[in-house]
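Q: Could you take a close look at one part of this structure and lead me outward from it, step by step, explaining the terms as they come up? I am new to it, so a careful, connected account would help.

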Amino acid sequence: MIRFGYIIISIAFFLIVCGITSSVPAAPMSRQLQAQAGVERFPPPDFVESGYELPSPTTPHPRQNIYEYVDAVVLLAALGLASYLVLKKRSRRAILTLSVFSLFYFGFWRKGCVCSIGAIQNIVLSIFDRDYAVPFVVVVFFLLPLVFTLFFGRTFCAAVCPLGAVQDLVLLRPVAVPSWLESGLRLFAYAYLGAAVLFAATGSAFIICRYDPFISFFRLSGSLNILVLGGCFLLVGVFIGRPYCRFFCPYGVILRQLSRLSKWRVSITPDDCIKCRLCEDSCPFGAIKVPTAEWPARDYDKSKKRLALLLLLLPILILACAWAVSTASDLMSRTHPTVRLADRIHLEETGKEEETTDASAAFWATGKDVRELYAEASNIQAAVKTGCWLLGGFLGLVIALKLIGHSVRRTRIDYEADRAGCLACGRCFEYCPREHVRLNKDKQAVGDGE
Amino acid sequence: MMAENKREPALHETNGINRRHFLRDSIWGACLAGLGGAAAFLSAKSRSQDTVWQIDPYVCVQCGNCATYCVLEESAVKCVHAYAMCGYCKICFGFFGPEPFDITEAAENQLCPTGAIKRTFVEDPYYEYTIDESLCMGCGKCVKGCNTFGNGSLFLQVRHDRCLNCNECSIAAACPSGAFKRVPADRPYLLKMVEHA
Amino acid sequence: MKPRVAESPAPGRNNDSVEVKTTNQWYQTAFWSAVVSAVFSLIVVGFLMVNYLQIKVFDPVRAERLELLKLKIIDHPDDVLFVQIRKLDLQIRQDRIRRQNFSYRASFLLLGGLAVFVISAKLAVTFKKKPPRPQPYPDRQKEQIRQAIQARSTITVGLAVLGAAVLFFATRPVVDFSEEPPQKGVWPRFRGLGGLGISASTNVPDNWNGSTNEGILWKSKVPLPGHNSPIVWGDRVFLSGADANERQVYCFDALSGKLLWRGNVPNLAPAGAEPVEPGESTGFAAPTMVTDGRRVYAIFATGDVGCFDFSGKTVWARNLGSPDSAYGYASSLAMYRDLLLVQYDQGAAEDEKSKLIALNAFLGHTVWETRRPIPNSWTSPIVIEVSSRHQIITCGDPWVIAYDPNGAELWRADCLGADVAPSPIYAGGLVFAIEPYTKLVAIKPDGRGDVTKTHIVWSNEEGAPDICSPVSNGELIFLLTTDGLLICLQVTDGTKLWEEDLKEDFFASPSLIGDRLYLLSQKGVMFIIEAATEYKELARCELREDCHASPAFVDGRIYIRGTKNLYCIGNLD
């Protein structure tokens, strides 16, 4: 039986484990500088007359490590505060203020890097690449929102994530996305997550970072493409609430699943709800689910058959999608610079290309054995192929589960805040008359108490 | 789920548990344990220091991408001078290029497109060459000249008072020779060493 | 479900008119400040776009113009042009900084404008927010079913998109790295790949006649003489030739024999240096060239080194100092990765002039140099692999020395003497070195330091060649003296198995192709002998021209350099 006490004990245990393991010394990173024997063509000078003293190159330091930990503390505080504001205080204005702060601190001040969304890639890379040790603060940024979501729902999305904050701020004229479309559009987020994990695991690229639409705003500079992409997202975001969060964010995919399980979250208490229908259109993100009508009886057989068919199709779908994505593995492997280089070298070696590129000329100059390069590239291609099979299988599973989910006849007798999709923004609180009663009661209680 | 014809036992009848909640709570517990395990596992693999980006000057081929690919308008990569390696030559191949018209500081003789290298007379026949970082754009032309014809004392480095330390460095992704490496933040520079035979 | 969250008010719905008025005022303020800030932001965006265009389009054009001007003053240096260049250069520099600064400041302005816009817009929206007015339900049942159907269809569409992507990807070309590039026949240095004089080719010609031209595919005149051997890379054959005034590199087309290009190597010896006079039998172009498939490298008796790419363009050239060599400098070049190895033995041992030099093959500068306690020698170094590490083996009087690829000495053995000309080989796990006329020594190469007493496995002192280098298949080792005595010894212990007097003079080193020995006599006769425990002559082919240089062997071809011509022997098929 899960009781409050057990929760406290598990939290404590979890924290202790974290504390112990984080005091384990980090893997030392050996750095060996190649001492290149004298490329020096001219002898060292002899300064006899002027007494000239050799200056040294300056080495300005990067940001002090202590500030990284400050970021982690601010994250923790923001998450805690957000959870309190969403679940206890239930004030949209306070949540908005906190999200402005998060936008300022995590967005413009920290230039949006490292963010929890991108941290996925660092974690994945550290699992698959022995030479890469993920900085501890990145681990914190990855895990802390997940833990808070397990307890309090998507309060990270509500007021802490800078990308979410900027989209929330520009949302002026919400237009609801029809619910049947939402599910389909969200497929892209699953694909994005899978692809990001694949590319990070094979060491090809960090695509979440590369295609982050809002990063160029946070940095106040960047390539034109990303600026335009960000501008488009913001423009769309004026009308469609949080497009990136709902349909593209790979971290959001993970948060959705954890939020389904969360202990406490924004919810509509069935006993309190009077079914006044005033909150139906309050959520710009379509997270308030309306009670269902009765399903027609004649539909029962048809939907039973459909469900059975889909369940049977599940493994076939997974395999089919796995195979489908694996056909793209050659193209996917080209995101890796080594594979691109090997391809170019191969073209030059077999005489299909005469000229050299910067990269191939640099390779030829090292005098390395071409066969070594090919072996490396083939290994990467093999890894990408395996990854593509897995990615395809994952996508197939997601598609199959979505289809099954839409074939199941759900019966809802109460208004529900969608467990996975509610971003805890708090807009719906003020639409509820019972909430007004509660707030007034509180105010009265405070007033009476004096 | 499908509309159940049976009535589910009310919560008060089952001491507050029902099948669905139990399942959900166990999955919840499993997720929490999983996160705890992940935390332990990742902490063991993690480093306490952050990593920053740096150029290995021995691998760099001076392609010029450092000046154009940085997300900042003014690239965080600048030319750095290892004075101990410099020959202090009157005709510096990083300053003048291979075939200057004249040994003066006139614009047509200088290799640097922004005039960031300053040439100062020290004593005969030695001249000191310093880089003005506010003008340098990290194009690497002087580095190429110095490496090809001189002592190789000029080299490119990421300057950490400017670098944003992006998770994915755009220059690193565009570097043709793979000279960009992640280095621990407390040893953020890969300076060239003196090697007088 | 309704498509809009907030809807317009029913007309006439109002509260206290005073409240409405104040609200209206606030709303108007918010609305207009939103409009103003939006317009402001758009203007700033406009300026930023213009700035961007200037940076990306206009500035490079100007920079090009500057480059053109700089080119112009090479031919016509003119004060007016100088002033123009300086002005333009200054303009470009100043504009660059100015644009950067503008971009930086304008982005802050834009940020500010957008922030004001967002705040005022949000406020405006708040003032206009209408309470919800739930409408009566449409047919919810039908709606539900419709939603479910449409949801399933959308996801199926997603699946279809995946399918379409598959069709697209499946038709793209795939790179297969295991696909071996067409094997080019290569003989890239003196005595072939590895410098051991061996090749596994099985279809090398064994029958030709110089008088009837049977079996001879082509013959091309070589403009300047030289004793260096031809080197081959695919469809290119390279030679060098020199006399007292000129040093040249020649590139022949392997199919037709046409001289494709000739490159000049300048004399870069410091002014006032004494002219080098090599012996007549050595000549100015005795060292054989080397190639790495992208460039060719040549060295001459004057100490001049030249590097050319395959199209004939000079990449670099330099002079290593005039070598003090009694008969004339003759050590051939070797390569290891991007290092060009030059065994520069000179003078007497006590002069300490000899060194092993490693040049960077791409730029020509010296990467490292190691002094050698050796007087002048005429052997060439080889690079071998022992226990996955590479060693550079060199011979001289009296030391056989092995170096690692950074120039550090690995081991040395005191076992040779006299004027050493035969080059070492590595076979059967042993390094073989020759002291002219006297002995053949077998050394195990896994030692460190002075291994004279510990790693010399055997030494056969029944006579040895003075010019030709040995050749071995790992079990048998063959020596060829200048007088024509062919000796076969066992690799394991050095016992002589047989010897045969071929009654001709030999300068070219023997080669082992497949299981046959190819020996080219000074008169141009190729003896083809079975490499076995008993002497067996397979064929003799004449060429009617004097030959000093060792031939080059690739699949189906032999390239022989005579004193005047380069011959290509091939099977006509």
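A: **A loop of chain A and what surrounds it**

A:V114 lies in the loop between α3 (92–109) and α4 (116–128) of chain A, where helices (H or I, at least four residues) and strands (E, at least two) are DSSP runs, numbered from the N terminus. This is a predicted model, in which local features need pLDDT of at least 70 and side-chain atom pairs count only at pLDDT 80 or more, while totals for chains, interfaces and linings use all residues. Residues are numbered from 1 along each chain as its sequence is written, chains are lettered from A and ligands numbered from 1 in the order in which they are written, and side-chain values use heavy atoms, with hydrogens and water left out.

The peptide bond that joins A:C113 to A:V114 is cis, with an omega of about -5°. A:C113 is also one of the residues touched by B:N165, along with B:D50, B:T51, B:V52 and B:W53, when residues up to four places away in sequence are not counted; contact here means heavy atoms within 4.5 Å. B:N165 itself is found in the loop between β5 (154–158) and α4 (170–174) of chain B. Its side chain comes to 3.0 Å from the backbone oxygen of B:T51, a polar contact being a pair of N or O atoms within 3.5 Å, of which, within protein, one must be able to donate a hydrogen and the other to accept it, with residues adjacent in sequence counting only if both atoms are side-chain atoms. Although B:N165 and B:V52 are 113 residues apart along the chain, 5.9 Å separates their C-alpha atoms.

From this spot one can step back to the whole meeting of chains B and A. Chain B brings 79 residues to the contact and chain A brings 88. About 7300 Å² is buried between the two chains, with 63% of that area on carbon and sulfur atoms; buried area is the accessible area (1.4 Å probe) that two parts lose on being put together, summed over both. Side chains of opposite charge can pair when their charged atoms come close. The rule finds two salt bridges across the interface of chain B and chain A, a salt bridge being a side-chain nitrogen of Lys or Arg within 4 Å of a carboxyl oxygen of Asp or Glu. B:D25 and A:K263 join their side chains in a salt bridge with an N to O distance of 3.2 Å, and the count between the two chains is twelve residue pairs in polar contact, both residues being at pLDDT 80 or more. On the side of chain B that touches chain A, the elements giving two or more residues include α1 (19–45), β3 (117–123) and β4 (126–131) of chain B. Of these, α1(B) gives the most, with 16 residues. The residues on this side of chain B divide into 46 nonpolar, 18 polar and 15 charged, where Ala, Val, Leu, Ile, Met, Phe, Trp, Tyr, Cys and Pro count as nonpolar, Asp, Glu, Lys and Arg as charged, and the others, Gly among them, as polar.

Chain B has a cis peptide bond as well, from B:D124 to B:P125, with omega near -5°, and B:P125 sits in the loop between β3 and β4 of chain B.

Chain A also meets chain C, through 72 residues of chain A in contact with 53 residues of chain C. The area buried there is about 5700 Å², and carbon and sulfur atoms give 64% of it. Two salt bridges are counted between chain C and chain A; A:E430 and C:K129 form a salt bridge in which the closest N and O atoms are 3.1 Å apart. This interface holds 15 residue pairs in polar contact, both at pLDDT 80 or more. On the side of chain C that touches chain A, α2 (79–128), α3 (140–170) and β15 (366–371) of chain C each supply at least two residues. The most comes from α3(C), with 17 residues. That side of chain C divides into 30 nonpolar, eleven polar and twelve charged residues.

Within chain A, A:E435 forms a salt bridge with A:R90, their closest N and O atoms being 3.0 Å apart. A:E435 lies in helix α19 (residues 433–449) and A:R90 in the loop between α2 (65–89) and α3 of chain A, so this pair ties together parts that are 345 residues apart in sequence.
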